[in-house]
Amino acid sequence: MGAVAEGTILAGANPLLDHLALFLLQALIIIIVARLLAVILSYLRQPTVIAEVIGGILLGPSALGQITAYKEAIFPSSSLPFLSLVANVGLILFLFIVGLELDPLELVQNSVQSLTISLAGVIFPFALSILVSKVLYDFVMTADVAGAALPPFTSFMVFTGVAMSITAFPVLARILAERKLLATKVGRVTLTAAAVGDASAWCLLVLVVALISNPSNSIMALYVFLVTLGWGLFLWFAVRPIFKFLIDRTENETISQFAVVFIFLTVWLSSWFTQIIGVHAIFGAFLVGLCVPHTHGFAIKLTEKVEDLVSIVFLPLYFAYSGLNTRIDQLNDGFSWLMVLLVTVVACFGKIVGCGLPGKLTGLNWRESWAVGVLMNTKGLVELIVLNLGLQAGVISARVFTIMVMMALITTFSTVPIISIIYPPKFYKDAPLLAAKDREVEKFTDEQGGGKKNIEIVLCLTGIQCVPSMMTLVKLIKESFVHIPTQEAEKLPDEPLKNLQISAIHIIPLSERTSAVMKAAEAIQPSAIAEDGILTIFKTFGFLNHLYIITDMIVCLMGSVGDAVVEKIGSGSSSSDDESGIKLVVVPVVFEKKTSSVLHGAFSGHSFNDEVGGVQFIVEKVGCTVCVFLDRGFGGADFDFNALMTSDPKSIKVCNKRTIYVIFNGGEDDREALHFISLITNVITIHILRVRGEFKHSNADHTKVAEPTSSVKTEVEILTDDELSKIEGTKDELALTRITASNSVTIEELTAPTTFSVLSTHSNRSTPSHGTPTPDVSLIKEMNKSTVRLLKQHLQVVNEGDLIVLGRKTYEGFGSGSAGLRAWVEGDECIASACIISQSRS
């Protein structure tokens, strides 16, 4: 036992003398600081990379490194080689992901406009940087390396030009998504131009590193560059076909482990080769990433496998190591800060003008052109990687490195505020998906459509999981539309139903992950909607079922899905009382059957009260009825899956046992729920559970409670339309009368009795005109609990294929906590899907 504990903290030894223990502590501190700063800076709408860079600076000699005890204990000089080694392994993986983001075939096919902006955005700032590099070389580098060998000015100049002309593609994509610019002309042009510019800059950087490695032999530098280029061509023409062969053999939803092993072996081999020829290992990984085909979404799936480890662990370590080399304390005079100002102004001017003017010449207006220039000025983590390469190679000094880091931080930090001023949302907001002036949907008369008015339904598709249920719902509505009680009822129409229009919107929520950026970049391409798998499935479904389906796509930040949906659909859409316009927006929330946990996250926070930018925002702003569809496999109940276990394929049949249960308590939302099920009353069995509270009271003193003597009941008669607004209950009766015209609808009344006592003749309780006292709030709550118990007992017969429909107020109002109706609907006991209907609040 003593031998085991010897040399450990239990034996009194200093644990920080152990290299592994020290590294683990360093990683823990670095990651925590980076994440805390990311949370703080998120309120300023700054990307995570800014937090990681600032965290590295704070942990380095510019801040905490000034404390000698901290520096010697946590970041001693002897530990830096180990930190550098792990950080560089992470950097290799990150550059591999950067290569995966870029599709060379797509870049070649890009428009002339994007290519022109991209090339001008590299050439113009590169030309301006020559003057800046001369000033920095003569007045800063000369002073910093006094007595030592200065790097060749040519290498310094080319390096400075690349550093000032590069654009950070990953950071730019997130800014575009946050500003809702991805789907706009400015967003598409900028993202494409940034991708081309990134590829060009990395190629230039290979030349820079070759020059740095061979300062006295330009021929050898050119030879190294040509060998690197030849290696890239070998990977493209010899290795890429192998990648494609492995991908084509991969199933659509999974990635072959052998394919992943082969690709990562290629990454390490390529990195080793570029390292030994004198470039850098990261370029080998970048070239392999470029060669991975993007077919079948393979590049995105591969990125998803490694991105979290790289972004959460390795990148903060790299930026912390970078921060240890950042010496803001060396900017201790006015001249140094004047250099920061000069470099920042020239970099901004070169990039904004260099990209803005070509934008104007290729068809953009002035405001759009300057917006493209400001967005292309984003630097971010790619800039810092370039700067670290220059520092490690000795081509720049620590002070020049710090000046350039400050420039990168300032330009990236200022992008969002500047773009908010020069290109606010009013200049690029999309037109509503179904703007009234664009609708050309012919209205059917009662004779043509079986009494159905013109209906438009918008489906918010957040993933493939919700597609079966949405198809089932649409099919039920469609079958009800063609169920006409005439001799022609069995005939399907030869052309799409003109009084039923379905709009399917695929929502792609953009997170901080690189794979989300890649999905967003693919989604903004002109062919994205036509090639999207989910939308293609829905269009095929519409074609086979004679339905007119409009497809569209939304790319937005995870926290602003509701806002994006409202913008796409258009606020102030017509309500259900109108003859035209959107009648219903369906928001699916997919539940895992066994645990009732949310399976798909875009609308996981489906609360009407506390989800900012979610369902609540849609309900309040969209201006039409919203159906929150809690899906527990509603679409999977179309077939008798037990028959699949038999040997006779003919025994497989469609299940028609689906039943809809409507919980009706009265009020606007419940009446809207009746309106919703009126769309499918002809093709499915519907049971309406009408909830009625019956209050019994008795006169009593403080010590004795008498038996109930009377009950509160209000007789309801059907009034004229002019009198409907006077009595709420009458509206409910009229709605029930209309819905029960169908033979497939039955109504069952559930009465929840609650007894209350009159304790004093001086009670503050109000007394209705018929002389019966009104129960207080606590008794109403007791009645609600009793009602929930009755509903649970009655709904024990529901199956997986069934659907429970209820209004929002009923859903939230009956009971509270674990005993409430909402808790039961969302809990493990309920196996049926549910529709919560909310009438327009606009």
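Select Glu368 first: in this predicted model, Glu368 has a relative accessible area of 12% and counts as buried, because buried means under 20%. Now add Lys185 to the selection. Lys185 and Glu368 form a salt bridge, and their closest N and O atoms are 3.7 Å apart. Colour helix H10 (residues 185–213), which holds Lys185, and helix H16 (residues 366–376), which holds Glu368; the pair therefore ties together parts that are 183 residues apart in sequence. Lys185 is partly exposed, with a relative accessible area of 39%.

**Further salt bridges**

How many salt bridges does the count come to? The count comes to four salt bridges. For another of them, select Asp144 and Arg399, whose side chains meet at 3.1 Å, N to O. Asp144 belongs to helix H7 and Arg399 to helix H18 (residues 398–422), so this pair ties together parts that are 255 residues apart in sequence. Is Arg399 buried or exposed? Arg399 is buried, with a relative accessible area of 11%, whereas Asp144 is partly exposed, at 32%.

Stay with helix H7 and select Lys134 and Asp138. A salt bridge joins Lys134 to Asp138, with 3.5 Å between the closest N and O atoms. Lys134 and Asp138 are four residues apart in helix H7, which means that about one helical turn separates them. Lys134 is partly exposed, with a relative accessible area of 42%; Asp138 is also partly exposed, with 33%.

**Rings beside helix H7**

Keep Lys134 on screen and add Phe153. Lys134 lies over the face of Phe153, at 5.3 Å from the ring centre. Next, display the aromatic side chains. A search of the whole structure finds 13 aromatic pairs. One of these is formed by Tyr137 and Phe153: the arrangement is edge-to-face, with 5.2 Å centre to centre and 75 degrees between the planes. This pair links distant parts of the chain, since Tyr137 is in helix H7 and Phe153 is in helix H8 (residues 153–165), 16 residues apart. Tyr137 counts as buried at 12% relative accessibility, while Phe153, at 25%, counts as partly exposed. Add Phe156 to complete the view: Tyr137, Phe153 and Phe156 form one aromatic cluster.

Before leaving this helix, select Leu131, which lies in H7 (residues 112–144). Leu131 is exposed, with a relative accessible area of 64%. Add Met157 and compare the C-alpha atoms: those of Leu131 and Met157 are separated by 9.0 Å, although the two residues are 26 apart along the chain.

For another charge placed over a ring, select Arg240 and Trp236. Arg240 lies over the face of Trp236, at 4.3 Å from the ring centre.

**A nonpolar patch on the surface**

Switch to a surface view and select Leu85, Val89, Val261, Leu265 and Trp268. Together these residues make a nonpolar surface patch of about 460 Å². Which helices each supply at least two residues of the nonpolar patch? They are helix H5 (80–101) and helix H12 (257–276). H12 gives the most, with three residues. Leu85 lies in helix H5 and is exposed, with a relative accessible area of 58%.

**Covered strands**

Return to a cartoon view and select strand S11 (residues 833–838). S11 is mostly covered, six of its six residues being buried. Show the side chains: Ser833, Cys835 and Ile837 point one way, and Ala834, Ile836 and Ser838 point the other way. In a regular strand the side chains alternate between the two faces of the sheet.

Now bring in the partners of S11. Strand S5 (residues 625–631) is joined to S11 by five bridges, and the two run antiparallel. Select Val626 to find its bridge partner in S11, which is Ser838. Strand S10 (residues 803–807) is likewise joined to S11 by five bridges, but these two run parallel. In this case Val805 has Cys835 as its bridge partner in S11.

From S10, move to strand S6 (residues 659–664). S6 and S10 pair in the parallel sense over four bridges, and Ile663 stands opposite Leu806 in S10. Are the residues of S6 buried or exposed? Six of its six residues are buried. Thr659, Tyr661 and Ile663 point one way from S6, and Ile660, Val662 and Phe664 point the other way.

Note on methods. Residues numbered from 1 in each chain as written. Predicted model: local features only at pLDDT ≥ 70, side-chain atom pairs only at ≥ 80, totals over all residues. Heavy atoms only, no water. Buried < 20%, exposed > 50% of the residue type's maximum accessible area, 1.4 Å probe, protein only. Phe/Tyr/Trp six-rings, centres within 6.5 Å; stacked < 30°, edge-to-face > 60°. Lys NZ or Arg CZ within 6 Å of the ring centre and 35° of its normal. Pairing = 2+ DSSP bridges. Patch = residues over 30% accessible without salt bridge, like charges linked within 9 Å, V, L, I, M, F, W, Y side chains within 5 Å. Areas by Shrake-Rupley, 256 points an atom, 1.4 Å probe, with all protein chains shown as cover.
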